Amino acid sequence: MPTPVDLRDLSWIRGALQTAIALEHSTMPLYCAAMYSLEVQNYPSYNTIRSVLMEEMVHMAIAANMVAALGGSPAIKGLKPTYPGGGLPGGVAPDLRPRLAKLSGAALESFMRLEAPLFVLNTRQRGASYPTIGAFYDAVRDAIKRNAAAVERAVRLGGPANQVGGNLGYLTFDRDDPDPVASFLHALDLITEQGEGGGEGTVETAAETFQKEGSHYARFAELRYGRRYRPLDAVPFSRETEREFFTGEEIVWPVVINTLAVPADGYEAVLALDPRGPEVRKELESFDDAYTQMMLALDTTWNGPVETWWPSLGAAVTQMDQMRVRSCFTIMRKEIPPAVVARLEELYPREFRSLERYTDLTRPVFYGPRFVNNAA
């Protein structure tokens, strides 16, 4: 059960913003898995997913800077994605069942649900405590307003963690800010608008801030419908009218590597039957090591000595590139033997329908990255 509104004090705000770090981070492996699965990395779809992924990284950095500004230490190295599972960190979107998988219609529908504004959800979905990421941030926004004096006082006192990315254009929060509460609220507005759009009836973002670019929801919808977003005069965007807004220039569907959506056991049952299992395991573990090193470097970026945050961030970026290489050019080139694919329903009776939905089992099937954080 969510904490009652009257009990959402400064301590709750710190905890909620730490949850926001986990929430923003949880989107990244999902989007990476889809992006890596593209055979050629210059498709419009690749650039679309990459643009959203980069903005999610910024959102995570903003949340970490907010935790640091309130005297906390952003906890990053222990973050552990839990796919497949119910919902996102913090109890957000509990009806969502995210799964690491290749780019597909099913994956894009999952991404759209993840980024959805409240007004496109059905009645059942809206009944959750936090039906959307925006609803979660609304609760944080309300708590900051209710505790404005305590928030300002905490920012003035500062804390041991670093403010990161000011020289990269990320939002940072200085103890000398004349109105830190307003800065916090602006940061939350930026995150939610970039994800969901400008509010009821639109999935566009504000002209003055984002030049009316498509929200994350709109960009994924473009890929799902295969057409660019086209605004309609005097027609509000809704669940019923959504399809009418995606009738612009055609987006050609890319060539996608047919990876097996990652089962809850991280392919253990498959590896046990694959004659090349030890070789594949080594490649999977190599990727997981790069992912783990990235998480450790990011943790040091915020929580290490201030003079080391820049090289630590550089080290994290280096590991991100290693993840791409180790996934696209090693893991995703390892085919799962057809005889093993034929036994998937036997191996994963509870997951098979989902695996089948995210994977074309009539074609050759390959492994995909697992995103195991060994530091968690």
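Modeller: Before we start, a word on touching: contact means heavy atoms within 4.5 Å. By that yardstick, Pro44 touches Arg228 and Ile251, leaving out residues up to four places away in sequence. Keep in mind that this is a predicted model.

Biologist: Fine, let's stay with Pro44. Why does Pro44 count as partly exposed?

Modeller: Buried means under 20% relative accessible area and exposed means over 50%. Pro44 comes out at 36%, so it falls in between and counts as partly exposed. Its place is in helix H2.

Biologist: What separates the C-alpha atoms of Pro44 and Val252?

Modeller: A gap of 8.0 Å, although the two residues are 208 apart along the chain.

Biologist: On to the rings. What makes Tyr31 and Phe111 an aromatic pair, and why call it edge-to-face?

Modeller: Take the distance and then the angle. Ring centres have to lie within 6.5 Å, and planes over 60 degrees apart count as edge-to-face. Tyr31 and Phe111 sit 4.7 Å centre to centre with 75° between the planes, so they pass on both counts. The structure holds 18 aromatic pairs.

Biologist: Why do you say that the pair of Tyr31 and Phe111 ties parts together?

Modeller: Tyr31 belongs to helix H1 (residues 10-36) and Phe111 to helix H3 (residues 105-115), so the pair ties together parts that are 80 residues apart in sequence.

Biologist: Why is Tyr31 called buried, and what about Phe111?

Modeller: The cut-off is under 20%. Tyr31 has a relative accessible area of 0%, and Phe111 has 2%, so both count as buried.

Biologist: What kind of pair do Phe119 and Phe237 form, and how do you know?

Modeller: Their centres are 6.4 Å apart, inside the 6.5 Å limit, and the 80° between the planes is over 60, so this is an edge-to-face pair. Phe119 lies in the loop between H3 and helix H4 (123-126), while Phe237 lies in the loop between helix H9 (216-225) and helix H10 (268-273), 118 residues apart. Phe119 and Phe237 are buried. They also belong to a cluster: ring pairs link Phe119, Tyr217, Tyr225, Tyr229, Phe237, Phe245 and Phe246.

Biologist: Why is H3 described as largely enclosed by the rest of the structure?

Modeller: Nine of the eleven residues of H3 are buried, so the rest of the structure largely encloses it. Among them are Ala106, Leu108, Met112 and Arg113.

Biologist: What makes you call H1 mostly covered?

Modeller: In H1, 23 of the 27 residues are buried, each of them under the 20% cut-off.

Biologist: How do you know that the reach of H1 is close to what is expected?

Modeller: From its first C-alpha to its last, H1 reaches 40 Å, and at 1.5 Å a residue 39 Å is expected. At its start, a side-chain oxygen of Asp9 comes to within 3.3 Å of the backbone nitrogen of Ser11. The limit for a polar contact is 3.5 Å, so that pair of atoms makes the cut.

Biologist: Why is H5 called roughly antiparallel to H7?

Modeller: The axes of helix H5 (residues 133-146) and helix H7 (residues 180-196) come within 10 Å and cross at roughly 170°. Angles over 145 degrees count as roughly antiparallel, so H5 and H7 qualify. Residues of H5 including Tyr137, Val140 and Ile144 take part where H5 meets H7, and the H7 side includes Phe184, Leu188 and Ile191.

Biologist: Now the backbone. What stands out about Ala93 and its phi?

Modeller: Ala93 has a positive phi of about 50° although it is not a glycine. Its place is in the loop between H2 and H3, and at a relative accessible area of 1% Ala93 is buried. Tyr267 also has a positive phi, about 80°, and is not a glycine either. Tyr267 lies in the loop between H9 and H10 and counts as buried at 0% relative accessibility.

Biologist: Which peptide bond is cis?

Modeller: The one joining Tyr83 and Pro84, with omega about -10°. Pro84 sits in the loop between helix H2 (44-69) and H3.

Biologist: Last one: why does Ser327 count as buried?

Modeller: Its relative accessibility is 0%, under the 20% cut-off, so Ser327 counts as buried. Ser327 lies in helix H12 (residues 309-328). Leaving aside neighbours within four places in sequence, Ser327 is in contact with Tyr36, Phe287, Met332 and Pro369.

Technical notes. Residues are numbered from 1 along each chain as its sequence is written. This is a predicted model: local features need pLDDT of at least 70, side-chain atom pairs count only at pLDDT 80 or more; totals for chains, interfaces and linings use all residues. Side-chain values use heavy atoms; hydrogens and water are left out. Rings of Phe, Tyr and Trp (its six-membered ring) pair if their centres lie within 6.5 Å; planes under 30 degrees apart count as stacked, over 60 as edge-to-face and the rest as tilted. Helices (H or I, at least four residues) and strands (E, at least two) are DSSP runs, numbered from the N terminus. Buried means under 20% relative accessible area, exposed over 50%, partly exposed in between (1.4 Å probe, protein chains only). The expected span of a helix is 1.5 Å times one less than its number of residues. A polar contact is a pair of N or O atoms within 3.5 Å; within protein, one must be able to donate a hydrogen and the other to accept it, and residues adjacent in sequence count only if both atoms are side-chain atoms. Axes are lines fitted to C-alpha atoms, for helices over the stretch in contact, and angles run from 0 to 180 degrees between N-to-C directions. Angles under 35 degrees count as roughly parallel, over 145 as roughly antiparallel, 65 to 115 as roughly perpendicular and the rest as oblique.
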